[in-house]
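Welcome to the tour. Open your viewer, load the model and keep the selection box handy.

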Amino acid sequence: IVVQKTGAEKGIGSSDLLLYNALMSIPVLFALSIVDGEFSSGMGSLRSRATQLDFMVVLCSSLTMGVALNYTIFLCTQINSALTTTIVGVLKGVATTALGFVLLGGV
């Protein structure tokens with residue numbers, strides 16, 4: 001609701017809202033990862049695997065898909081209502097679960 005209202009009132013685009021959201025959440029997530037100890041272990045794992053091409057390909061593709069997913073969610077929320085975005089997300093989850101049952105032999 002905030003995304004749609006802010007975008008409509010201020011004339012801010014979805015990419016700008018996505019940037020502001022990232023800038024506001026990075027310090028909080030960085031502090032929590034340091035307190036939890038995940039930052040040092042993650043950096044150690046990254047240093048040990050940074051020379052492996054297959055790891056870097058998977059890392060870059062995961063980052064690209066994450067950016068695309070965030071952008072499409074912000075764009076959907078800005079164009080449609082928040083309720084529509086929620087319903088589409090639920091329907092996507094139901095379809096993914098049903099497809100997983102059929103393809104992976106759960107049914």
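Start by selecting Leu69, Thr72, Ile73, Cys76, Thr85, Val88, Gly89 and Lys92, which line the largest pocket. On a 1 Å grid over the protein atoms alone, a pocket is an open set of points where a 1.4 Å probe fits, with protein on both sides within 12 Å along at least five of seven lines, and lining residues have an atom within 4 Å of a point. Its volume is about 180 Å³, taken as the space filled by probe spheres set on the points, which are joined across faces, edges and corners. Helices α4 and α5 each supply at least two residues of this lining.

A word on the model: it is predicted, so local features need pLDDT of at least 70 and side-chain atom pairs pLDDT 80 or more, while totals for chains, interfaces and linings use all residues. Residues are numbered from 1 along each chain as its sequence is written, and side-chain values use heavy atoms, leaving out hydrogens and water.

Now color by helix. You should find five helices and zero strands, where helices are DSSP runs of H or I with at least four residues and strands are E runs of at least two, numbered from the N terminus.

Next, select residues 53–79, helix α4: its end C-alpha atoms are 39 Å apart, in agreement with the 39 Å that its 27 residues should span at 1.5 Å a residue. That expected span is 1.5 Å times one less than the number of residues. Which residues of α4 are buried? Phe74, Cys76 and Thr77 are, buried being under 20% relative accessible area, exposed over 50% and partly exposed in between (1.4 Å probe, protein chains only).

Finally, pick Phe101 in helix α5 (residues 82–103); Phe101 is partly exposed at 43% relative accessible area. Just after α5, Gly105 has a positive phi of about 80°.
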